[in-house]
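Here is a short walk through one protein model. Keep the sequence and the 3D view side by side as you read.

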Amino acid sequence: MTAQTRPPRLDATTLRSWLSEPDAPRVIDVRTPAEFETAHIPGSYNVPLHLLQEHTGEIAGHLDQDVVLVCRSGQRATQAERQLAATGLANVHVLDGGILAWQQQAAPIKAGRARWDIERQVRLVAGSLVVLFVLGGLVIPGLQYAAAAIGAGLAIAALTNTCAMGMLLAKLPYNRGASCNLDSVVAQLRTGATP
């Protein structure tokens, strides 16, 4: 299969096979540095989604070969694909099912310290806020409407396939790492060195 015939969505088996070929793609993991440090595909580069969104043109300028975008399940990678496509980059693919699909295939993983992924953090924060606001509404009338606002925010996140709470949580120190700045990302992409 040549690069021109590779579909925009790749399953884990296809990517695993392609990585062993001479024309292997660059694997760009758009999860947070904390998620990346927990487990990632060996040889992949960590370019967090928020960084890619802020500096799409600069990063795209260093992607001169086929690129496969990876995240936890495929949603953030799809957002990154849209960002890169807007720059005219045509050699972009997404790992369908993300790192979860990769791990289900028992494909090679570089593991580190375990941390919670962003989706789990969002569920904890949103759920806790809803409980807090509902219970607080028993003491302070009207506070339960804040719980309704959280619910509405989650519904909007589902409809737009974006999550403001997730983007905010990604900027917390717990979710950041050394590879989370533009200079280090560009240096890694330029030299081909992976962490």
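This is a predicted model. Begin with the rings and the charges above them. Arg26 sits over the face of Tyr45, 5.2 Å from the ring centre. Arg120 does likewise with Trp116, lying over the ring face at 3.8 Å from the centre. What about rings meeting rings? The count of aromatic pairs in the structure is zero.

Now turn to the sheet. Strands in a sheet pair through backbone hydrogen bonds, and the pairing can be parallel or antiparallel. Here the sheet is open, with five strands and parallel pairing. Read across, the strand order is 1-6-5-2-4. Which strands stand at the edges? They are strand 1 (9–10) and strand 4 (45–46). Each has a single partner strand, so one side of each has no neighbour in the sheet.

Look next at one pairing within that order. Strand 5 covers residues 67–70, and strand 6 covers residues 92–95. The two run parallel and are joined by three bridges. To find the register, start at Val67, which stands opposite Val92 in strand 6.

Finish at Asp117. This residue lies in the loop between strand 7 (110–111) and helix 7 (118–139). Is Asp117 buried or exposed? Its relative accessibility is 19%, and the cut-off for buried is under 20%. Asp117 therefore counts as buried. What does its side chain meet? The side chain of Asp117 makes a polar contact of 2.8 Å with the side chain of Arg72. Setting aside neighbours within four places in sequence, Asp117 is in contact with Glu35 as well as Arg72.

Conventions. Residues numbered from 1 in each chain as written. Predicted model: local features only at pLDDT ≥ 70, side-chain atom pairs only at ≥ 80, totals over all residues. Heavy atoms only, no water. Phe/Tyr/Trp six-rings, centres within 6.5 Å; stacked < 30°, edge-to-face > 60°. Lys NZ or Arg CZ within 6 Å of the ring centre and 35° of its normal. Helix = DSSP H or I, 4+ residues; strand = E, 2+ residues; numbered from the N terminus. Buried < 20%, exposed > 50% of the residue type's maximum accessible area, 1.4 Å probe, protein only. Polar contact = N/O pair within 3.5 Å; in protein donor to acceptor, adjacent residues only side chain to side chain. Contact = heavy atoms within 4.5 Å. Pairing = 2+ DSSP bridges.
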